[in-house]
There are 2 protein chains.
Amino acid sequence: MNNHIYLLLFCHLSIIAVQAQEEVQKIEPISFSQVTITDNFWKPRIEKVAEVTIPVCIEQTEIKTPRIDNFLKVINKTGEKAEGRFYDDSDVFKALEAIAYSLKNKPNPIIEKKADEWIDIIAAAQLPDGYINTYYTLGGLEASGLEERWTDMSMHEDYNGGHLIEAGVAYYNATGKKKLLDVGIRFADHFASIFGPGKRHWVTGHEELELALVKLFRVTGETKYLQLADWLLLERGHGYGVGYTWADWKDTAYTQDVVPVKQATEITGHAVRAMYLYTGVADVAAQTNDIEYIDAMKTVWEDVVYRNMYITGGIGSSGDNEGFSEDYDLPNAEAYCETCASVGMVFWNQRMSLLTGDSKYMDVLEKSLYNGAADGLSLSGDRFFYGNVLESDGSDNRREWFGTACCPSNIARLISSLGDYIYAQSQDAIWVNLFVGSETNVNMTKTKVAITQLTDYPWNGDVKILVDPVRKSEFEVRVRIPGWVDGQASPGDTYYFLNEMKSKISLTVNGKDTKYEILEGYAVISREWKRGDQIELKLPMTVNRVVANEKVKENLGRVALQRGPLMYCFEGVDNGDQALHIILGDDVEIEATKEEELLEGIVTLNMEAAVVSVSDDGKKVSTESRHLKAIPYYTWNNRGSSEMQVWVPRKVTKVRLTSR
Amino acid sequence: MNNHIYLLLFCHLSIIAVQAQEEVQKIEPISFSQVTITDNFWKPRIEKVAEVTIPVCIEQTEIKTPRIDNFLKVINKTGEKAEGRFYDDSDVFKALEAIAYSLKNKPNPIIEKKADEWIDIIAAAQLPDGYINTYYTLGGLEASGLEERWTDMSMHEDYNGGHLIEAGVAYYNATGKKKLLDVGIRFADHFASIFGPGKRHWVTGHEELELALVKLFRVTGETKYLQLADWLLLERGHGYGVGYTWADWKDTAYTQDVVPVKQATEITGHAVRAMYLYTGVADVAAQTNDIEYIDAMKTVWEDVVYRNMYITGGIGSSGDNEGFSEDYDLPNAEAYCETCASVGMVFWNQRMSLLTGDSKYMDVLEKSLYNGAADGLSLSGDRFFYGNVLESDGSDNRREWFGTACCPSNIARLISSLGDYIYAQSQDAIWVNLFVGSETNVNMTKTKVAITQLTDYPWNGDVKILVDPVRKSEFEVRVRIPGWVDGQASPGDTYYFLNEMKSKISLTVNGKDTKYEILEGYAVISREWKRGDQIELKLPMTVNRVVANEKVKENLGRVALQRGPLMYCFEGVDNGDQALHIILGDDVEIEATKEEELLEGIVTLNMEAAVVSVSDDGKKVSTESRHLKAIPYYTWNNRGSSEMQVWVPRKVTKVRLTSR
């Protein structure tokens, strides 16, 4: 592409972006900062993140690893090389982002002081031209120094910068303090001085800067950041990586650089990179209404969800590339399912939901959130899974930290900002997307409306939604009816329920049946609302048996249990120290029981089913009926090492004997 | 190394080689051409090779594949490219070698006519300068034509030439016809005109030419061929591969080119290449008495046998490199154990046995011959295993032929020349190495001695050896006492017997106890022998339980059954269609039974033991005692597809359920 065409493109984008500010997207999320979570499920987790996870992140970042040290070395010009990996700066920024959300939820002067201290250090480490990256500034294992900056697209300078901007935006929104945001703005302007239409090509090696630039556009109102985000998307898929080392951009599939984004039809390569890209694409499309982006994202989404997603909402079946292999290749014990990829699924599906108003995106978001992502963090708040397997021989355990420590701060920032995903609004409607006991206020065209949600979800399917307009007013309340209520285990035909759904939902207003229509998975209640109105939704919390399409070879003849949005698993600790010995016939009755004392209070699934066991002398294998208990997947490995299995044989075809 | 030193080396070698002719090696084998095999075990197999396997090789080589066609294209100058792989010429030569041995065993004018016809074609395809290789002469996929000959050491020009020479020597010995031998001589002289001391470097990419040149030296008496063989050995391990493509000799371990041969301490890379190299080294050492070669071979042999050999005598655990991985990494279901590598073990161990007189080499030869190699050929003579697994889910089957068809003619030439491995002689001793019903004549210093062996080995341990000297004479008869008689499952400590050996051997001469001493595993009977003397050896044919050193992770908690030299396996067809469901407790009694009707007459092992089975509805796994039968490993897969297992659990620690 020559400069002339770039210029045209630039003009075109300016127009769209300016239009976009007026047109706005169809649906806007209600920010977490406007939502108070009051329930017994998420509120304790948010508090745990504030009280435990964030202090752990701070300690690891500053004391136990040299991540803050690298910034101090830049300031003090000690001449020392950077320690750690070239993307370690991003962990500092992601921790700050999580802190920002947490401070908004629950002010904490000590942590805020610490954050301010870090921000001073970061700001002091920024170079006069706006560049900030300790690895290149100090030199590290794979870069000798500043003279090599911006020569290798795989070295995460853009990725780190993106997280800086996200943190700056979050901290500004949470505290009103602009210092970190200004660092991010200077970095963005530095980047824009080198790259962009008419300047040098750049394909982000690990996407992230795109979505960050859209956030920067939103907080500053500066369309140039939106344009730069769009330009970054347009850079992909043209072979511009050649000449940018990483042995000349050796695997374009790994980094979603095979075809232009608008022509993408399938997901390839590294799962987290892909999620951040698609989130950025949806963010840009929400501003520009670019139908080609939206169509491409709808197509790619089907490829992800219909052929490459685990029943937990996790993605990425291969550890080799931290990402995708073949369609339907979904091994359980070797699942990669990086926590960050499930977090990315939440980000992307929220954007798709807002772009389209179709509840299927929120169905997947809910699945990834309650299962694949939630599993990443221990109940204690201080242990993390990087990958989230669906079967374990007991050798998988959450860890205190990682060399590549993307996951801890990522799950922390997701949970701290959970309020972002519950409500949304459009011109004439309030959208209730997730069932979380919470309160918020929505400014509708004609009145302000207080919304209060009361529910013990996901343990119980009863949801009360109090709709309290200041003035009597006509508008819609759109309540998401989860796909699983209608017997859909997941969008697409990869997973389905063995059982029929016998119960239906019940939806009343003020105790009376009410007229509503179902539009794209939402119950749309359109009426004149008045003070004290109360919607009562009852979701049937049956225990569902999920089976997989036979194309998923790994799960042939197996069944998984689901209740509400939660996937269940069998863990050894509840089942005679074994979980891989169970045969769960289709005729076994399963009872759901609330156990307040177990794992901070969960609903367990209980049954009499067959287990295969080996006699003490190792010479006899037999089957007997035993009481078995399944627990929510996200709660496993909170009581020590143990076997675990999500997909259990419905019947056995063969046994393999192990004698080690 | 400069030319000056080469010249010195050349002189030095000449002297050694001339000496060698007088000194001779300690022990000389009795050629198969002097041995008539009369037993019920090998004689039928040799006949089957003559009647079935060799015709199959002829048909495949000439009719079903274009191997002979390639030679015709050279002669007829059709301008067509070579078809097939660059090593396909070698299959023609190996088939001719097998034919030669077979004609010696049992004349067959039709087959001899066919061989003569082929030899005429081969001779006509030799270029005037002695070069012969259809792939380079015609051009093929990886070589455009003659101008590229001798530029890539990985392209098997030397390997093909080595097999040409072996075939020429064998056909000359079998028929007295010299035409093919002359082709081989011209090729050798062509090679020597380009390579050798003071000329160009050459590292054989697939070793073979070395051992062939020693054979050529022996048949012609020309020391230059021995010297050239030695030179080829000395070329290895100096980095001479650089510049000889194969992407610059990328994996020196693969082709045993990491260190000079005399400094080798461990086996690496491709198993067949290694075996042919070591055979050539031992051949050269037998002529030159080079102690450095001998010491290196003893050390490498320990690495092979102590840490890298399967209980079947097979080697090569990895299909990736057709060879070696880590010490003690011996997976059963994924075993590579190429038939050719077991054939190579027979070649090499024979040479080591002759060099040292130590029976441990013959113990390993016997193990590889009766198990790893014999398994390569179906009882019908027309189906072949390329790899020989020790565990199968029923998906492994012998095949009619292969794209890379080294194994069929290799097993054919081994079995046809089996007589080579039974007897040997030294100054004052006749060596009985294998127990095979057979007759031979040995020229001792003072008399000629007829030896007749009568035995039903390996089914029965009774061996009668008739020693019939023309004149009463004093000499030794050295009868190998197999290591397994003393409870040694294999040399080294990788495998051992669980059980004690309760019975001892009995050895009498003319029905009376006789004085003998055991020297390096041989019972040495030194006396004045006279007409009609008869040695009677009784080997205790107990059923032995073999277990593996715990370093062999794959076999932890498992047991294998051995009787005499034969390893046993369980095959599904004898055991309710399953073989992977057996628990063989240490207390299970095992009875050996001769079954004349089964698999051409074998001894089976029968027992009542536990099997684990799954109920029809797939919901119950149980153990019951059943009658089980094990068969000799080499006889499996002769009755259709079936599960098979050599290493069976002694007790079970865990069960893995399969539901596909």
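## An open sheet in chain A

In this predicted model, chain A holds an open sheet of seven strands, which are arranged in the order β2-β6-β7-β8-β15-β11-β12 and pair in the antiparallel sense. The edges of the sheet are formed by β2 (35-37) and β12 (512-513) of chain A, and because each of these has a single partner strand, one side of each is left without a neighbour in the sheet.

At the β12 edge, the partner is strand β11 (residues 506-509) of chain A, which is joined to β12(A) by two bridges in the antiparallel sense. Within this pairing, A:Val509 stands opposite A:Lys512 of β12(A).

## Extent of the interface between chains A and B

The size of an interface is often given as the accessible area lost when the parts come together. Between chain A and chain B the buried area is about 3,400 Å², and carbon and sulfur atoms give 50% of that area. In terms of residues, 36 of chain A are in contact with 36 of chain B.

## Polar and charged contacts across the interface

Eight salt bridges are counted between chain A and chain B. One of the salt bridges links A:Glu391 with B:Arg656, where the closest N and O atoms are 3.7 Å apart. The count of residue pairs in polar contact between the two chains, with both residues at pLDDT 80 or more, is 22.

On the side of chain A that touches chain B, the elements giving two or more residues are β19 (582-583), β21 (602-614), β22 (621-632) and β25 (654-658). The element that gives the most is β25(A), with five residues. Sorted by class, this side of chain A has 15 charged, twelve nonpolar and nine polar residues.

## Strand pairing between the chains

Strand β25(A) also pairs across the interface, since it is joined by five bridges to strand β25 (residues 654-658) of chain B, and the two strands run antiparallel. In this pairing, A:Val655 stands opposite B:Leu657 of β25(B). The B:Arg656 that forms a salt bridge with A:Glu391 falls within the residue range of β25 in chain B.

## Relation of the two copies

Chain A is superposed on chain B by a rotation of 179° with 0.1 Å of shift along the rotation axis, and the RMSD is 0.1 Å. This is the relation of a two-fold axis. Both copies are served by the same surface, in that 100% of the contact residues of chain A recur in chain B.

Technical notes: Residues are numbered from 1 along each chain as its sequence is written. Chains are lettered from A and ligands numbered from 1 in the order in which they are written. This is a predicted model: local features need pLDDT of at least 70, side-chain atom pairs count only at pLDDT 80 or more; totals for chains, interfaces and linings use all residues. Side-chain values use heavy atoms; hydrogens and water are left out. Contact means heavy atoms within 4.5 Å. Buried area is the accessible area (1.4 Å probe) that two parts lose on being put together, summed over both. A salt bridge is a side-chain nitrogen of Lys or Arg within 4 Å of a carboxyl oxygen of Asp or Glu. A polar contact is a pair of N or O atoms within 3.5 Å; within protein, one must be able to donate a hydrogen and the other to accept it, and residues adjacent in sequence count only if both atoms are side-chain atoms. Helices (H or I, at least four residues) and strands (E, at least two) are DSSP runs, numbered from the N terminus. Ala, Val, Leu, Ile, Met, Phe, Trp, Tyr, Cys and Pro count as nonpolar, Asp, Glu, Lys and Arg as charged, and the others, Gly among them, as polar. Two strands pair if DSSP finds at least two bridges between them. Copies are superposed by least squares on the C-alpha atoms of residues with pLDDT of at least 70 in both.
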